[in-house]
Amino acid sequence: MNLQNELHKTEGFKNLELLAKQVVEGFIAGMHKSPFHGFSAEFAEHKIYNRGESTRHIDWKLFAKTDKLYTKRYDDETNLRCHIILDNSSSMHYPKQDRFDIGHLNKVGFSVLAAAALMQILKKQRDAVGLSIYSDHYDYYAPEKGSERHHQMLLSHLSAAVASKTAQKQTETYKYLHEIAEKIHKRSMIFLFTDMFQTTAEDTKLFEALQHLKYNKHEVVLFHVFDKAKELQFDFDNTPKRFIDVETGAHINLYADSIKDNYNTAVNTYFEALRLKCAQYNIKYVEADVNRDFNSILTAYMVSRQKFG
């Protein structure tokens, strides 16, 4: 065993499920301040009543407290199929981390913990979850299931993704989104975690693939994961630095201030184009800054679930 290599090996989350529970509990505790007031303590056991459904299972006691209609869930009830897609290319492992917890996250770490938190909610609501992970190839696929064994298997693969070796793993996201779309036949909610950085393909191909995910009336949520301070605002001190493309290995030496304005303009233009394209294709776009909390992720889930019906 090479001790030096072992000491510098990236560690994943030591207890991903526990951290996911903490994220969800924190979110639920804050829900009384949100538009979902009244849907916090009960939301693991209830679903929103949809007009046209039988009124037999309406929880009238909860209605008296919240002035909103919810129906009770039952152990054998599964109302939602969800497929989580994780981009595990090299750029997702920026910034470099040697350990992972809620206070130390890069893009893939943030995405994995957010995905685990969503899985925790879906588990409580007895819904079926599937998972796809891709980098420079289609790394992993699991169809939608709701068992505890399946849940633990997905957590294991998510943890492995965080600790995986990522040196110069280029990706063409559109290729794998087409493959994933072909596998998901029944109407599902699809969550895609990606930084939207491609190696060579033009944006048109990427959005054609996103449009393919909308096939069969899937509800698609794009979580655009990035380090806002570094990757959008280019917030580096003005000392000479070498900037390296983690997917190709190409590099450039420069002072940050010499390109900051042009960089800001180019990246802001690209991000705005993403938002507009998502709106055009009826894909929910959610900005996911790795330096923020997970409330935007879980709120997007709540909104999309209500829309999904």
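Trainee: How should I read the separation of contacts along the chain, and what share comes from residues 24 or more positions apart?

Mentor: One asks how far apart in sequence the two contacting residues lie. In this predicted model, among contacts with a separation of 6 or more, 75% join residues 24 or more positions apart.

Trainee: Which secondary structure elements does the chain contain?

Mentor: The chain has ten helices and ten strands.

Trainee: What percentage of the residues count as buried?

Mentor: Burial is judged by relative accessible area, with buried meaning under 20%. Here 49% of the 309 residues are buried. The chain still exposes about 15,800 Å², of which carbon and sulfur atoms supply 51%.

Trainee: How many residues form the largest nonpolar core, and which helix gives the most to it?

Mentor: A core of this kind joins buried nonpolar residues through their side chains. The largest one has 53 residues, and helix α4, residues 107-124, contributes twelve of them, the most of any element. Among the residues with the most contacts inside this core are Phe13, Leu113 and Tyr301. Leaving aside residues up to four places away in sequence, Tyr301 touches Leu80, Leu118, Ile121, Leu122, Gln125, Met189 and Phe191. A second, separate core of 29 residues includes Ile190, Met196, Leu213 and Phe271.

Trainee: Where is Ser89 placed, and why does Ser89 count as buried?

Mentor: Ser89 lies in the loop between β3 (81-87) and α4. Ser89 counts as buried because its relative accessibility is 0%.

Trainee: With which side chain does the side chain of Ser89 make a polar contact?

Mentor: The partner is the side chain of Asp87, at 2.8 Å.

Terms used
Residues numbered from 1 in each chain as written. Predicted model: local features only at pLDDT ≥ 70, side-chain atom pairs only at ≥ 80, totals over all residues. Heavy atoms only, no water. Helix = DSSP H or I, 4+ residues; strand = E, 2+ residues; numbered from the N terminus. Buried < 20%, exposed > 50% of the residue type's maximum accessible area, 1.4 Å probe, protein only. Contact = heavy atoms within 4.5 Å. Areas by Shrake-Rupley, 256 points an atom, 1.4 Å probe, with all protein chains shown as cover. Core = buried A, V, L, I, M, F, W, Y, C linked by side-chain atoms within 4.5 Å. Polar contact = N/O pair within 3.5 Å; in protein donor to acceptor, adjacent residues only side chain to side chain.
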